[in-house]
Amino acid sequence: TTDATVLAFDMGASSGRALIGLLKTDSEPGGKRTLEVAEIHRFPNHAIQVGKHLHWDTLRLLHEMKKAIRFAFQQGYEPATFGIDTWGVDFGLLDANGELLGNPYHYRDPHTEGLIEEVGQLIGPQALFEQSGLQFMPFNTLYQLYAMRKAASPKLDMAHTLLLTPDLLAYLLTGVKSCEFTMATTTQLYHPGTQAWNKELMDRLGIPSRLFLDPVHPGTILGPLSPEVREELGVPGIQAVSVGTHDTESAIAAVPAGDEPFAFLVCGTWSLLGTEMDGPLLSRETLELEFSNEGGVGGTYQLLKNIMGLWLLQECKREWDEQGSEIGFPELVRLAEQAVPFRSLIHPDDPRFFSPGAMTDKIRSFCQETNQPIPQSEGEIVRCLLESLALRYRQALEQAERLTGREYGGLHMVGGGIQNRLLCSFTANAIGKPVWAGPIEASAIGNMLMQLVALGECKDLREARELVAASFPIDVYEPTASAEWEAAYAAFLSFGRV
Ligand code: ADP
Ligand code: LRH
């Protein structure tokens, strides 16, 4: 029997997707419960350049989400609820009439350049870290709003309400304004100590505190689709649930781990590597090793590091596509597999790789500057990227172990990137421990789990994770010890970044 049907929207920085989740109970006595998922819609998502700025196409996302709702009903599904998760930090501003003021900025917009240093001087890095728990990344909401203030943006003065991307999309579908906790903790303006917005910090930076709504926790029911949307789509008023709206947090909620402390790697456009905690770890060492404390679902905090991730590969692929070669990810992975191992390495988090464009040139110049052979072919470049990422994962895992004083028996990998089996096995080899890969659609599944919690079908995060373990297969990658990986790691560490 089907006990519940839910709809998850998972908006990544490279694609958006809508999945239906069916909670099923086996007909046998004491029947096993499983979650079945079916993808009903997938569409590309990317930055759009307008003059000097990079924006998201928010209305296109709304359009695709509406299409997905229509598809769901056309295919005979009757979801009781839906939830939305997206990438972190970005937001839209509403005016006093509740209308969207302009196109939201993309977090790779260059307008925040240099602001980490400037705000650091104003507030002091240690104080800023203690009040936010976050790694200083140029795109944090704080720097974006400060950039708008510095540019004397009229939008900032006109704005009545700030809605983070998932809350904005939920508002456009329901008319309900909300602010969800896990996203709030990505802004750098939420104080992990007081568990409230940091109004004092906003005042000091000229960021209007009136814009911010009180956060609600994942599992909160927001309200039904608006009458306009219901009428337009000819569907009933399914209820929006505020899930773990930060995609990373939804993904971690879907890691099929038990009660033991575990390490995770959420592998998509970004790679987020870390471990689940009961609360934030605000030590000086956390700041020095550039880790973040991000609010998670079910009262957790995630101690993690942002690693540049498969963005590097996406950007290379985009360049090759534009040159007309149109090689898919599976083929690029195959070419990398055939390339010579350990020929050249990069540091994935070198700042040059953050902005879009000219990625193959940037990779080649990194190799040239560090006196390594310059990768030429697609296979050589992808090999270089994947080996470098795996080594970076080892470094971050060791740092997480140092910070928590724990040792992890292996690494749980989830997200679209685990379809890259070469990357999974490189990672196992680099860390010298097993990798447990799955599920791929972790964010959408974690999103569904909090809907099931809201519906009373799952008690808590623990029970929700048991459901994931019972429903989705895991691929195990055992490490093969090799002196070559050790030597490569030593070479990698010589790049000198933490
Ligand atoms: P996001 O949610 O950030 O948009 P995903 O979790 O969907 O990202 O992961 C996208 C990444 O997954 C791509 O950049 C690509 O590197 C990888 N990927 C997707 N499909 C495949 C595939 N068939 N084989 C190998 N890698 C893949
Ligand atoms: C991954 C992610 C990550 C953020 C970045 C902006 O999709 O949410 O956790 O830091 O996007």
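Q: How do the residues of the shell around ligand 1 divide into nonpolar, polar and charged?

A: Sort each residue of the shell by class, then count. This is a predicted model. Around ligand 1 there are six nonpolar, eleven polar and no charged residues.

Q: Which of the 17 residues around ligand 1 come nearest?

A: Look for the names at the front of the shell. Here they are G12, S14, G268, T269 and G416. Two elements give two or more residues to this shell: α12 (311-322) and α13 (329-338).

Q: Which element gives the largest share of the shell around ligand 1?

A: Helix α13 does, with three residues.

Q: How many residues surround ligand 2, and which are the closest?

A: Read this shell in the same way. Ligand 2 has 14 residues around it. W87, G88, D247, T248 and W270 are the closest.

Q: What classes make up the shell around ligand 2?

A: The shell holds six nonpolar residues, seven polar ones and one charged.

Q: Where does UniProt place domains on this chain?

A: A record can mark a stretch of residues and give it a name. The unreviewed UniProt entry places "domain: Carbohydrate kinase FGGY N-terminal" at residues 6-251. It also gives "domain: Carbohydrate kinase FGGY C-terminal", covering residues 264-455.

Q: What are the helix and strand shares over residues 6-251?

A: Helix takes 33% and strand 25%. The C-alpha atoms at the two ends of this stretch are 17 Å apart.

Q: And what are they over residues 264-455?

A: There, helix takes 46% and strand 15%. The end C-alpha atoms are 27 Å apart.

Q: How many helices and strands does the protein chain have?

A: Count them along the protein chain. The totals are 19 helices and 19 strands.

Q: How do I describe two packed helices?

A: Give the angle between their axes and the distance between the axes. Take helix α2 (residues 115-123) and helix α4 (residues 141-150). Their angle is about 90 degrees, and their axes are 10 Å apart. Therefore α2 is roughly perpendicular to α4.

Q: Which residues of α2 and α4 meet?

A: L115, I116 and V119 are on the α2 side. They meet Y143, Y146 and A147 in α4. By class, this contact has six nonpolar, no polar and no charged residues.

Q: What is the phi of A152, and where does A152 lie?

A: Check the sign of phi and the residue type together. Phi of A152 is near 50 degrees, a positive value in a residue other than glycine. A152 lies in the loop between α4 and α5 (154-158).

Q: Which residues does a cis peptide bond join?

A: Look at omega. Between G438 and P439 omega is about 0 degrees, and the peptide bond is cis. P439 sits in the loop between β18 (435-437) and α17 (442-454).

Q: How does the radius of gyration of the protein chain read against a compact globule?

A: Set the value beside the one expected for the chain length. For 498 residues, a compact globule would have a radius of gyration near 23 Å. The protein chain has 22 Å, which agrees. Along the principal axes, its C-alpha atoms fill a box of roughly 65 × 60 × 50 Å.

How values were computed:
Residues are numbered from 1 along each chain as its sequence is written. Chains are lettered from A and ligands numbered from 1 in the order in which they are written. This is a predicted model: local features need pLDDT of at least 70, side-chain atom pairs count only at pLDDT 80 or more; totals for chains, interfaces and linings use all residues. UniProt positions are given in the numbering used here, feature names are shortened, and annotations may be inferred rather than shown by experiment. Helices (H or I, at least four residues) and strands (E, at least two) are DSSP runs, numbered from the N terminus. A residue is near a molecule or strand if its C-beta atom, placed from the backbone, lies within 6 Å of it. Ala, Val, Leu, Ile, Met, Phe, Trp, Tyr, Cys and Pro count as nonpolar, Asp, Glu, Lys and Arg as charged, and the others, Gly among them, as polar. Axes are lines fitted to C-alpha atoms, for helices over the stretch in contact, and angles run from 0 to 180 degrees between N-to-C directions. Angles under 35 degrees count as roughly parallel, over 145 as roughly antiparallel, 65 to 115 as roughly perpendicular and the rest as oblique. Two residues are in contact if their C-beta atoms, placed from the backbone, lie within 7 Å. The radius of gyration is taken over C-alpha atoms; the globule rule is 2.2 Å times the number of residues to the power 0.38.
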